[in-house]
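Subject: Structure handover

Hi,

Here is the structure I promised you. Please open it and keep it on screen while you read my notes below.

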Amino acid sequence: QVQLVESGGGLVQAGGSLRLSCAASGRTFSNYHMGWFRQAPGKEREFVAFISWSGNTLYYADSVKGRFTISRDNVKNTVYLQMNSLEPEDTAVYYCAASSRGVSSAGVRLERNYDYWGQGTQVTVSS
């Protein structure tokens, strides 16, 4: 089992920044690839970003590319999502997820390829 706890969400004005954290406990964090997803009101949950266990492979949704940065610290068992130039469309509950599978650049965007999920943290961007 891996337990994931997100933090760092909040209310920010458009153009501002937030950094989300996801702390992992349980099994060896460095064995897992990590992803961030988000779910806006009335919408399905969608992929945001992915980082491999080593940190060497990164993928982003087109909607956040150039604005968001995913990173991880395998000593602190934490994955981060730095969000800059936030837009009202970024308003959502953000979830981190852990995957023990080898997945493709397409596969990392699918919820079913992740084994563990956090409870989510709310991000609200005002215009």
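Start with Met-34. Setting aside residues up to four places away in sequence, Met-34 touches Leu-4, Cys-22, Phe-29, Ala-49, Phe-50 and Ile-51. The list of its contacts also includes Ile-70, Arg-72, Val-79, Ala-97, Ala-98 and Tyr-114. Please remember that this is a predicted model.

Where does Met-34 fit in? Met-34 is among the residues with the most contacts inside the largest nonpolar core. The others named there are Leu-4, Trp-36, Leu-81, Met-83 and Tyr-94. This core has 37 residues. Several strands give two or more residues to it: β1 (2-7), β3, β4 (33-39), β5 (46-51), β7 (68-73), β8 (78-83), β9 and β11 (121-126). In soluble globular proteins, nonpolar side chains tend to be buried together.

Next, the disulfide. The structure holds one. Which cysteines form the disulfide? They are Cys-22 and Cys-96, with their sulfur atoms 2.0 Å apart. Cys-22 sits in strand β3 (residues 18-26) and Cys-96 in strand β9, so the bond ties together parts that are 74 residues apart in sequence. The torsion about the S-S bond is about 50°, so this disulfide is right-handed. Both Cys-22 and Cys-96 are buried. You met Cys-22 above, as one of the residues that Met-34 touches.

Now stay on strand β9 and go to Ser-99. That strand covers residues 92-99, and Ser-99 belongs to it. Is Ser-99 buried or exposed? Its relative accessible area is 1%. Buried means under 20%, so Ser-99 counts as buried. Beyond its neighbours within four places in sequence, Ser-99 is in contact with Asn-31, Tyr-32, His-33, Asn-113, Tyr-114 and Asp-115. A polar atom of the Ser-99 side chain lies 2.8 Å from the backbone oxygen of Asn-113.

That leads to Asn-113. Asn-113 is in the loop between β9 and β10 (116-117). Asn-113 counts as buried, because its relative accessibility is 14%. What does the side chain of Asn-113 reach? One of its polar atoms lies 2.8 Å from the backbone oxygen of Gly-107. Asn-113 touches Ser-99, Arg-101, Val-103 and Gly-107, if residues up to four places away in sequence are not counted.

To trace this yourself, go from Ser-99 to the backbone oxygen of Asn-113. Then follow the Asn-113 side chain to the backbone oxygen of Gly-107.

Best wishes

Terms used:
Residues numbered from 1 in each chain as written. Predicted model: local features only at pLDDT ≥ 70, side-chain atom pairs only at ≥ 80, totals over all residues. Heavy atoms only, no water. Helix = DSSP H or I, 4+ residues; strand = E, 2+ residues; numbered from the N terminus. Buried < 20%, exposed > 50% of the residue type's maximum accessible area, 1.4 Å probe, protein only. Polar contact = N/O pair within 3.5 Å; in protein donor to acceptor, adjacent residues only side chain to side chain. Contact = heavy atoms within 4.5 Å. Disulfide = S-S within 2.5 Å. Core = buried A, V, L, I, M, F, W, Y, C linked by side-chain atoms within 4.5 Å.
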